[in-house]
Amino acid sequence: QHQHHHQQHQHHLHQITMQDPNEDTEWNDILRRKGILPPKEPTIDEQALEDMVDEVVQKHVAKSTGKAFEEMNINELNEAEDDLDEEDERVFEEYKAKRLAELRTQQLSLFGSVQELNAQEYKREVNEAGEGIWVVLLLYKPEIQVCKKLMAIFERLAQKFKTTKFLKIFSTKCIPNYPDRNLPTVFVYFEDDLKKQYVGPSIFGGEAMTVSNVEWSLGQVGAIKTELKDPRGPSLNQVFASSKNQHPTGGDESDSDAATSSDDDSD
């Protein structure tokens, strides 16, 4: 019996040394709660987090709306958010941000061509274009050659930069009696704020304008995200800065010079 008891005792010791790792974490958790051990970094992989989020969200959303999360619009998201506890709410916020980004991308990729505008639509399409959306508006007349050229360039840029809203409007429909000598005119808006205007036949290099010239200029304003460097080269800017009275030599550069000065005047 004594021997048996000794074996039992040994077995018990053995159990303590070969401790169940889960017991260890439970004990550590107690120590953490008492502040003796530092808090453990959560190790959740992305997929597990997404699944957890899905579960939490689906549970609450289904309960409150009977709708799948993917089918919900912004208002429904906000309503569903109202009855969540704190932890769920944090998770929900993350999910909502992700969903908003998805919706915005869907919404933004709706652009991609130059839409014709009439005066009645101006406020809705330009001033109320929405959060985070750049609007590039061309005032034109179809018989003016440089307008036609710029319109063709805008078509190409609209396809390339689908998150920017390119619009065109017949000049006198937009502003009654708007003088032809000011055409083409381009207004660049961001969230109802006029960021830049380009006025007159010499903008973007006039007759000599190129796609990259226009792309670079709109990139400088922020209306599109371009990788292009200044196509005019550094020499012109230096000459232009040194004296406004001297014109740089060469046809191309004086074109750009005119474009630069008319841009400056309109700021």
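**Sheet order.** I started with the sheet: five strands, open, in the order 1-3-2-4-5, with mixed pairing. This is a predicted model, and I read it as such. At the edges I found strand 1 (115–116) and strand 5 (193–199), each pairing on one side only.

**Strands 4 and 5.** I looked up how strand 5 is held to strand 4 (residues 185–190): the two pair in the antiparallel sense, over six bridges. I picked out F187, whose bridge partner in strand 5 is Q197.

**Helices on the sheet.** Next I checked what packs here. Helix 7 (residues 145–160) packs on the sheet and touches strand 2 (134–140), strand 3 (165–170) and strand 4. I noted about 160 degrees between the direction of helix 7 and that of strand 2. Helix 9 (residues 211–221) also packs on the sheet, with strand 2, strand 3, strand 4 and strand 5 touched by it. Its direction makes about 150 degrees with that of strand 5.

**The parallel part.** Then I went to strand 3. Strand 2 pairs with strand 3 in the parallel sense over six bridges, and I found L137 opposite L167 of strand 3. I traced the chain from strand 2 through helix 7 to strand 3 and logged this β-α-β crossover as right-handed. Strand 1 also runs parallel to strand 3, joined to it by two bridges; there I marked E116 opposite K168 in strand 3.

**Burial.** Last, how enclosed is strand 3 by the rest of the structure? I get five of its six residues as buried, so strand 3 is largely enclosed.

Notes
Residues are numbered from 1 along each chain as its sequence is written. This is a predicted model: local features need pLDDT of at least 70, side-chain atom pairs count only at pLDDT 80 or more; totals for chains, interfaces and linings use all residues. Side-chain values use heavy atoms; hydrogens and water are left out. Two strands pair if DSSP finds at least two bridges between them. Helices (H or I, at least four residues) and strands (E, at least two) are DSSP runs, numbered from the N terminus. Contact means heavy atoms within 4.5 Å. Axes are lines fitted to C-alpha atoms, for helices over the stretch in contact, and angles run from 0 to 180 degrees between N-to-C directions. Buried means under 20% relative accessible area, exposed over 50%, partly exposed in between (1.4 Å probe, protein chains only). A crossover is right-handed if, with the strands pointing away from the viewer, the path from the first strand over the helix to the second runs clockwise.
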